[in-house]
Amino acid sequence: NRDGNTQWEILNTVAYGESYFQNNTSGTTINTVNVWESGNYSFIEGDVLGFSGGTTTMTLLNGYDGDYEIIGDVTVEYVAGTNNYEVGLSINGNDPQAGTYQGCLVDATYTRQHIGFATIQTLSGGTTLSLDVRNITNNDNVILTHGHIFTRRLL
């Protein structure tokens, strides 16, 4: 109770979520060099409390505002050329910001690579999380074959 009378606040101390996709064979079109593109990957909702998933985003439910550790991992697959790709966390459809993305080199020799990132962000109810990708070398497309986003509320 916040005022000793009528203002009650829910004590939601635990919240976490996991959404993932696997065995994706569809490429993401890279229209412009070094410009973030939305992956629009269809996530499968994993184990969640305080989140909803099962679409192209994870969404924090109302009443679970707070600071969250967010971890993302993807497998990048070779399409063409020698390219430096970056994958990152998109919050509410915005481009990933510094500290929320990582990159790797993919070519005909190293045809699959892992990209992982971890960040701490303050989230509020209705905030959406998704994955964006960009090619910083040229405009060759990319396939993210597997990916997941895992979040947990920090106390």
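Let's start at Arg134, which sits in strand β11, a strand spanning residues 128-135. Keep in mind as you look around that this is a predicted model. Is Arg134 buried or exposed? Its relative accessibility is 12%, and because buried means under 20%, Arg134 counts as buried. Its side chain has polar company there: a polar contact of 2.6 Å joins it to the side chain of Glu86, and another, of 3.4 Å, joins it to the side chain of Tyr101. Setting aside neighbours within four places in sequence, the residues in contact with Arg134 also include Ile30, Asn34, Val35 and Trp36, as well as Asn84 and Tyr85.

The partnership with Glu86 deserves a second look. Glu86 and Arg134 form a salt bridge, with their closest N and O atoms 2.6 Å apart. This pair links distant parts of the chain, since Glu86 belongs to strand β8 and Arg134 to strand β11, 48 residues apart. Both residues of the pair are buried.

Now follow Glu86 into its own strand. β8 is mostly covered, with 7 of its 9 residues buried. Which strands pair with β8? One is β11, joined to β8 by 7 bridges and running antiparallel to it. Here you can find Tyr85 standing opposite Asn135 of β11. Another is β9, which pairs with β8 in the antiparallel sense over 6 bridges. In that pairing, Asn83 has Val106 of β9 as its bridge partner.

From here, turn to the nonpolar side chains. As a general point, nonpolar side chains in soluble globular proteins tend to be buried together. The largest nonpolar core in this model has 27 residues, and those that touch the most other members are Tyr68, Val76, Val87, Leu129, Leu131 and Leu144. The elements giving two or more residues to this core are β6 (58-60), β7 (66-77), β8 (83-91), β9 (101-106), β10 (112-123), β11 and β12 (142-153). Of these, β7 gives the most, with 4 residues.

Val76 is a handy residue for exploring this region. Not counting residues up to four places away in sequence, Val76 touches Tyr85 and Val87, then Cys104 and Val106, then Thr111, Arg112, Gln113 and Ile115, and finally Val142, Ile143 and Leu144. Two of those names return when you trace the strand pairing. In β10, the bridge partner of Val76 is Gln113, while in β12 its bridge partner is Leu144. These bridges belong to longer runs: β7 and β10 pair in the antiparallel sense over 12 bridges, and β7 and β12, also antiparallel, are joined by 10 bridges.

Charged side chains connect these strands too. How many salt bridges does the structure hold? There are 3, and you have already met the one between Glu86 and Arg134. Another brings together the side chains of Arg152 and Glu69, at 2.6 Å from N to O. Because Arg152 lies in strand β12 and Glu69 in strand β7, this pair ties together parts that are 83 residues apart in sequence. With a relative accessibility of 39%, Arg152 counts as partly exposed. The side chains of Arg112 and Glu77 also meet in a salt bridge, at 3.0 Å from N to O. Arg112 is in strand β10 and Glu77 in strand β7, so the pair ties together parts 35 residues apart in sequence.

Finally, step back to view the whole protein. Its secondary structure comes to 0 helices and 12 strands, so reading along the sequence gives β-β-β-β-β-β-β-β-β-β-β-β. The C-alpha atoms fill a box of roughly 65 × 25 × 20 Å, taken along the principal axes. Of the protein's 155 residues, 37% count as buried. The protein exposes about 8,000 Å², and carbon and sulfur atoms supply 45% of that area. Among contacts with a separation of 6 or more, 75% come from residues 24 or more positions apart. The salt bridge between Glu86 in β8 and Arg134 in β11, 48 residues apart, is one link between distant parts of the chain, and it brings you back to the arginine where this tour began.

Definitions and conventions
Residues are numbered from 1 along each chain as its sequence is written. This is a predicted model: local features need pLDDT of at least 70, side-chain atom pairs count only at pLDDT 80 or more; totals for chains, interfaces and linings use all residues. Side-chain values use heavy atoms; hydrogens and water are left out. Buried means under 20% relative accessible area, exposed over 50%, partly exposed in between (1.4 Å probe, protein chains only). A polar contact is a pair of N or O atoms within 3.5 Å; within protein, one must be able to donate a hydrogen and the other to accept it, and residues adjacent in sequence count only if both atoms are side-chain atoms. Contact means heavy atoms within 4.5 Å. A nonpolar core is a set of buried Ala, Val, Leu, Ile, Met, Phe, Trp, Tyr and Cys residues joined through side-chain atoms within 4.5 Å. A salt bridge is a side-chain nitrogen of Lys or Arg within 4 Å of a carboxyl oxygen of Asp or Glu. Accessible areas come from the Shrake-Rupley method with a 1.4 Å probe; for residues, only the protein chains shown count as cover. Two strands pair if DSSP finds at least two bridges between them.
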